[in-house]
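Let's take a walk through this one together. Have a look at the fold first, and then we'll go into the details.

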Amino acid sequence: MFKMEYEPSPTSPPGSLSPVSPSSSPSPPPLPPQVVISPCAACKILRRRCADKCVLAPYFPPTEPAKFTIVHRVFGASNVIKLLQEIPESQRADAVSSMVYEANARIRDPVYGCAGVICQLQKQINELQAQLAKAQAQVTNMQLQQANLAAMLCMEMAQSTSPQPSSQQSMDILINPSLTEDNNFGSIWEPLWA
């Protein structure tokens with residue numbers, strides 16, 4: 001159904017409204033939606049008013065309250081604020097991610113914290129380096145075996161390509177020396193037989 005809108009006309013007395021058709025006059029531009037800025041997760045947890053220049057706001061958004069809760073539990077809010085104020089802005093994001101990681105490690109392992117994680121990683125590195133050295137030794141051994149095999153094959157190929165009498169011919173020469181063109185053996189052995 002058609003809905004009629006009314007607006008005050010400049011010629012009518014105050015308080016009277018005249019009908020306006022939807023297409024006759026341009027409606028005022030809509031107001032931008034009001035953005036409700038909620039306090040950062042840190043200020044929300046600390047139950048304080050979040051200032052415009054809150055040091056914690058860029059690094060602890062309202063959508064991630066657990067991030068600040070863990071850091072606050074391990075380091076304390078005042079220490080986190082002091083630390084962030086002392087370092088340049090370009091390094092603050094890295095500092096916050098480091099604090100979150102350290103706080104998580106400390107909660108998982110209250111005794112060793114990050115040091116325990118570092119020790120485990122170093123142990124894994126040592127084990128992997130030992131496995132790598134073993135694998136490299138095996139590769140070197142296989143390469144040497146392959147080189148030896150290739151040398152043996154080359155020697156056999158060289159021997160097989162040189163002209164050598166066949167095994168049947170060798171047997172005939174031993175049995176009947178007169179089959180050779182150069183019969184020096186017969187002349188040497190003749191006086192012994194005579």
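Are F60 and F68 buried or exposed? Keep in mind that you're looking at a predicted model. Both of these phenylalanines, F60 and F68, turn out to be buried. They're also partners: the count of aromatic pairs comes to one, and F60 and F68 form that pair, in an edge-to-face arrangement. In general, a pair of aromatic rings is described by the distance of the centres and the angle of the planes. Here the ring centres of F60 and F68 sit 5.1 Å from each other, with 75° between the planes. Since edge-to-face asks for planes over 60 degrees apart, the label fits the 75° found for F60 and F68.

Now step back to the whole chain. Seven helices and two strands make it up, and reading from the N terminus you go β-β-α-α-α-α-α-α-α. Of the 194 residues, 15% count as buried, with F60 and F68 among the buried ones. The accessible surface is about 16,200 Å², and carbon and sulfur atoms contribute 61% of that. As for the contacts with a separation of 6 or more, 35% link residues that are 24 or more positions apart.

Next stop, Y59. You'll find Y59 in the loop that runs between helix 1 (41-46) and helix 2 (65-75). Its relative accessible area is 14%, so Y59 counts as buried, the cut-off being under 20%. What does Y59 touch, once neighbours within four places in sequence are set aside? The contacts are K67, L84, E89, R92, A93 and V96. Y59 and D94 are 35 residues apart along the chain, yet their C-alpha atoms are separated by 9.8 Å.

From that loop, move on into helix 2 and look at how it meets helix 3. The axes of helix 2 and helix 3 (residues 77-86) come within 7 Å and cross at roughly 100°, which means helix 2 is roughly perpendicular to helix 3. On the helix 2 side, F68, V71, H72 and F75 do the meeting, and on the helix 3 side A77, N79 and V80. So F68 shows up twice on this tour: F68 pairs with F60, and F68 is also one of the helix 2 residues that meet helix 3.

Last, follow the chain along to residues 118-145. UniProt, in an unreviewed entry, places a "coiled-coil region" there. In the model, residues 118-145 are 100% helix and 0% strand, with the end C-alpha atoms 40 Å apart.

Notes
Residues are numbered from 1 along each chain as its sequence is written. This is a predicted model: local features need pLDDT of at least 70, side-chain atom pairs count only at pLDDT 80 or more; totals for chains, interfaces and linings use all residues. Side-chain values use heavy atoms; hydrogens and water are left out. Helices (H or I, at least four residues) and strands (E, at least two) are DSSP runs, numbered from the N terminus. Buried means under 20% relative accessible area, exposed over 50%, partly exposed in between (1.4 Å probe, protein chains only). Contact means heavy atoms within 4.5 Å. Accessible areas come from the Shrake-Rupley method with a 1.4 Å probe; for residues, only the protein chains shown count as cover. UniProt positions are given in the numbering used here, feature names are shortened, and annotations may be inferred rather than shown by experiment. Rings of Phe, Tyr and Trp (its six-membered ring) pair if their centres lie within 6.5 Å; planes under 30 degrees apart count as stacked, over 60 as edge-to-face and the rest as tilted. Axes are lines fitted to C-alpha atoms, for helices over the stretch in contact, and angles run from 0 to 180 degrees between N-to-C directions. Angles under 35 degrees count as roughly parallel, over 145 as roughly antiparallel, 65 to 115 as roughly perpendicular and the rest as oblique.
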